[in-house]
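Student: I've got a structure open and I'd like to quiz you on it. Can we go through it piece by piece?

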Amino acid sequence: MIVLAHVSDVHIDGSDRNTERTAHVMSYVEELDVSAVIVTGDIADNGAEDEYTIARAALKTRHPSIVCPGNHDSREPFRKVMLDSDAEVVEPINQVLRIPGATIILCDSSIPGRAEGRLDDTTLAWLDDTLAAETGPVFVGMHHPATALGIPYVDGIGLREPERYAAILERHPHVVATLVGHAHTGAATTFANRPHLVAPGVVSTALPPFECTTQPPVSLDLPPALALHIYDNGQLTTHYRALPLP
């Protein structure tokens, strides 16, 4: 059985609030017997190097982990602090984590300076080649949802040209599901004939129009949350867990 703890949108900004909410979620994850931890973007709120220093400590885990950038992130300090890599490289941050029984691929869907997402030609080619080299179950993730979720505020800044992404997934039937963040709400839908699973936001929760009429439709009072994806004997189940603060 594979259990993936899926965390997203911690938005570390130097404030005690956001750091404490992140630490609260990670403390919960540390007590679990999970196969890996996936963090799907918006690690920093302003893309500042000192924010990543705080985030790296807050997201530290004993489990295998993989993290990708979101639209609030900046590639150069992300690489330097989160990955101990060359900060001068500006290309998308695409990564692979192999764990017993599965492979996790995270793509960089961020567009520097913009809120919406896109997978550029380099990333799409890399994803296609990487999937072709895998034989077992694969989970593919990124920051931006590839389909509408019923929250106009979020849907307007989702993934652009999702059909190019879908075409690649359809060539690789061993992709079990796609995992994303960005929406600040736990959600489950489909994309490219597969589960498309959205992690809740740690920093806040976005609400659909039937729950909230204010703009932006965001609650800062609801507790931080995460998703837990369980893959066992070919069946995928997702649990969403809200974690009220002490």
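Student: Which residue is the bridge partner of F191 in strand 9?

Tutor: Keep in mind that we're looking at a predicted model. Strand 8 and strand 9 (residues 194-198) run antiparallel, and 5 bridges join them. In that pairing, F191 has as its bridge partner R194.

Student: In what order do the 6 strands of the open sheet come?

Tutor: Start from the edges: strand 4 (95-99) and strand 8 (187-191) each have a single partner strand, so one side of each has no neighbour in the sheet. The pairing is mixed, and the twist from one strand to the next averages 25 degrees. Reading across the open sheet, the order is 4-5-6-7-9-8.

Student: At about what angle does helix 4 run to strand 5?

Tutor: Helix 4 (residues 121-132) lies across strand 4, strand 5 (102-106), strand 6 (138-141) and strand 7 (175-180). Taking strand 5 as the reference, the helix 4 angle is about 175 degrees.

Student: And helix 6, what angle does its direction make with that of strand 8?

Tutor: Helix 6 (residues 162-170) also packs on the sheet. Its contacts there are with strand 6, strand 7, strand 8 and strand 9. Against the direction of strand 8, the angle is about 75 degrees.

Student: Is strand 1 largely enclosed or left open by the rest of the structure?

Tutor: Check both faces: I2, L4 and H6 are buried on one side, and V3, A5 and V7 are buried on the other. That covers 6 of the 6 residues of strand 1 (residues 2-7), so by the rest of the structure the strand is largely enclosed.

Student: Which residue stands opposite L4 in strand 2, and which is the bridge partner of H6 in strand 12?

Tutor: Strand 1 pairs with strand 2 through 4 bridges, running parallel. With strand 12 (residues 225-232) there are 5 bridges, and those two strands run antiparallel. Opposite L4 in strand 2 stands A36, and the bridge partner of H6 in strand 12 is A227.

Student: Which elements do the buried residues of helix 3 pack against?

Tutor: Helix 3 (residues 75-82) has 6 of its 8 residues buried, so the rest of the structure largely encloses it. Those buried residues are R75, P77, F78, R79, V81 and M82. Just after the helix, D84 takes a positive phi of about 50 degrees. As for the packing partners of the buried residues, they are helix 2 (49-58) and strand 3.

Student: Which element gives the largest share of the lining of the second largest pocket?

Tutor: That pocket has a volume of about 190 Å³, and its lining is V37, V39, R56, L59, K60, T61, S65, I66, V67 and M82. Two elements give two or more residues to it, strand 2 (36-40) and strand 3 (65-68). By class, the lining has 6 nonpolar, 2 polar and 2 charged residues. The largest share, 3 residues, comes from strand 3.

Student: How many of the residues lining the largest pocket are charged?

Tutor: The largest pocket has a volume of about 290 Å³. It is lined by 18 residues, and the closest to its centre are H11, H72, Y153, H184 and S204. Split by class, the lining has 9 nonpolar and 7 polar residues, and the number of charged ones is 2.

Student: What is the relative accessibility of T205?

Tutor: T205 lies in strand 10 (residues 205-206). Leaving out residues up to four places away in sequence, T205 touches H184, P217, V218, S219, L222 and P223. Buried means under 20%, so T205 counts as buried, its relative accessibility being 13%.

Student: What are the positive phi values of D9 and H182?

Tutor: D9 sits in the loop between strand 1 and helix 1 (16-30), and H182 sits in the loop between strand 7 and strand 8. D9 counts as buried at 0% relative accessibility, and H182 counts as buried at 6%. Neither residue is a glycine: phi is about 55 degrees for D9 and near 75 degrees for H182.

Student: Is the peptide bond from Q215 to P216 cis or trans?

Tutor: P216 is in the loop between strand 10 and strand 11 (218-219). Omega for the bond from Q215 is near -5 degrees, and the peptide bond is cis.

Terms used:
Residues are numbered from 1 along each chain as its sequence is written. This is a predicted model: local features need pLDDT of at least 70, side-chain atom pairs count only at pLDDT 80 or more; totals for chains, interfaces and linings use all residues. Side-chain values use heavy atoms; hydrogens and water are left out. On a 1 Å grid over the protein atoms alone, a cavity is a set of points where a 1.4 Å probe fits but cannot get out, and a pocket is an open set with protein on both sides within 12 Å along at least five of seven lines; lining residues have an atom within 4 Å of a point. Grid points are joined across faces, edges and corners, and a volume is the space filled by probe spheres set on the points. Ala, Val, Leu, Ile, Met, Phe, Trp, Tyr, Cys and Pro count as nonpolar, Asp, Glu, Lys and Arg as charged, and the others, Gly among them, as polar. Helices (H or I, at least four residues) and strands (E, at least two) are DSSP runs, numbered from the N terminus. Two strands pair if DSSP finds at least two bridges between them. Axes are lines fitted to C-alpha atoms, for helices over the stretch in contact, and angles run from 0 to 180 degrees between N-to-C directions. Contact means heavy atoms within 4.5 Å. Buried means under 20% relative accessible area, exposed over 50%, partly exposed in between (1.4 Å probe, protein chains only).
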